[in-house]
Amino acid sequence: MRLTVIIHTYNEEQAIAACITSARMLTKDIVVVDMHSTDKTRSIARRAGARVVTFPFSRYVEPARSFGIKQAVDSDWVFILDTDEHITKALAQEVQQTLTTTPHSHFRIKRKNIFGKRAWLAHGGWWPDAQIRLIRKADFVSWPTRIHSTPEIHGTGGIMQSPMLHFFHNEISGMVKKTAIYEAIEAS
């Protein structure tokens with residue numbers, strides 16, 4: 001199966017290289033959809049071997065999701081990955097073994113949410129936090145542009161047993177700031 005990893009970015013120079021390194025466990029075909037970063041994100045991504053395309057700036061990623069999927073021209077499947085997420089070796093192996101025989105059109109991937117790169121939030125609704133991230137392109141319809149939306153996909157979904165790692169927020173102040181931004185977007 002031909003698979004492309006799609007990574008959406010905006011000013012992620014500190015995280016993009018490690019994200020791409022983890023994606024390489026799954027495929028060499030990596031596309032970074034950058035929303036006009038003002039730091040070194042694009043140059044770091046190119047040096048890491050990713051193809052970089054640009055999308056107009058947005059304060060959240062959903063407006064760029066459909067565009068990103070369309071960039072995987074020669075692939076059968078796409079794996080959507082954010083820069084604060086890493087694919088694990090176990091997940092890469094499970095994906096590679098599953099895609100050759102699956103009847104499903106998409107899969108939810110469990111996210112092991114890790115706060116401050118140290119504490120796994122295994123309780124309080126933070127686990128398994130499964131998100132649709134692996135999609136057969138032929139069955140993809142669209143990704144609504146509203147914040148925290150889920151994609152429209154024909155067919156049935158499955159769930160991978162191996163999680164990806166989600167290294168979100170290094171400190172409480174960053175978490176509060178991001179929550180305030182998302183609340184303002186959702187309120188409008």
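**Entry 1. Salt bridges**

I searched the whole structure, which is a predicted model, and the search returned 8 salt bridges. I then looked up the partners of Glu85. The side chain of Glu85 meets that of Arg111 in a salt bridge, with N to O at 2.8 Å. I noted that this pair links distant parts of the chain, since Glu85 belongs to strand E5 and Arg111 to strand E7, 26 residues apart. I recorded Glu85 and Arg111 as buried.

I found a salt bridge between the side chains of Arg133 and Glu85 as well, at 2.5 Å from N to O. Here too distant parts of the chain are linked: Arg133 lies in strand E9, Glu85 in strand E5, and 48 residues separate them. I entered both Arg133 and Glu85 as buried.

Which residues do salt bridges with shared partners join into one network? I listed Arg65, Asp82, Glu85, Arg111, Asp129 and Arg133.

I also looked up Asp139, which forms a salt bridge with Arg136; their closest N and O atoms are 3.0 Å apart. Is Arg136 buried or partly exposed? I classed Arg136 as partly exposed because its relative accessibility is 21%, whereas buried requires under 20%.

**Entry 2. Strand E13 and its partners**

I followed the side chains along strand E13 (164–168) and found that they alternate. Met164, His166 and Phe168 point to one face and are buried. Leu165 and Phe167 point to the other face and are not buried.

I then checked the pairing of E13. Strand E5 (residues 85–86) runs antiparallel to E13 and is joined to it by 2 bridges. Glu85, already noted for its salt bridges with Arg111 and Arg133, has His166 as its bridge partner in E13. Strand E7 (residues 111–115) runs parallel to E13, with 5 bridges between them. For Ile114, I recorded Phe167 as the bridge partner in E13.

**Entry 3. Helices H4 and H3**

I looked up the buried residues of helix H4 (residues 89–99) and listed Leu91, Ala92, Glu94, Val95 and Leu99. Why do they lie on the same side of H4? They do so because they cover an arc of only 165 degrees around the axis. On the face turned away from this buried side, I found the exposed residues Lys89 and Gln97. I noted that the cover over the buried residues of H4 includes strands E1 (3–9), E4 (77–82), E6 (106–109), E9 (131–136) and E13.

In helix H3 (residues 62–70), I found Glu62, Ala64, Arg65, Ser66, Gly68 and Ile69 buried. Arg65 is also one of the residues in the salt-bridge network of Entry 1. The buried residues of H3 pack against E1, E2, E4, E9 and strand E10 (140–142).

**Entry 4. Thr27**

I located Thr27 in the loop between helix H1 (16–23) and strand E2 (30–34). Is Thr27 buried or exposed? I entered Thr27 as buried because its relative accessible area is 13%, and the cut-off is under 20%. Leaving aside neighbours within four places in sequence, I found Thr27 in contact with Leu3, Thr4 and Val5. The side chain of Thr27 reaches the backbone nitrogen of Asp29 at 3.0 Å. I also took the C-alpha to C-alpha distance from Thr27 to Gln96: 9.6 Å in space, with their positions 69 residues apart in sequence.

Key
Residues are numbered from 1 along each chain as its sequence is written. This is a predicted model: local features need pLDDT of at least 70, side-chain atom pairs count only at pLDDT 80 or more; totals for chains, interfaces and linings use all residues. Side-chain values use heavy atoms; hydrogens and water are left out. Helices (H or I, at least four residues) and strands (E, at least two) are DSSP runs, numbered from the N terminus. Buried means under 20% relative accessible area, exposed over 50%, partly exposed in between (1.4 Å probe, protein chains only). Contact means heavy atoms within 4.5 Å. A polar contact is a pair of N or O atoms within 3.5 Å; within protein, one must be able to donate a hydrogen and the other to accept it, and residues adjacent in sequence count only if both atoms are side-chain atoms. The arc is that of the directions from the helix axis to the C-beta atoms. Two strands pair if DSSP finds at least two bridges between them. A salt bridge is a side-chain nitrogen of Lys or Arg within 4 Å of a carboxyl oxygen of Asp or Glu.
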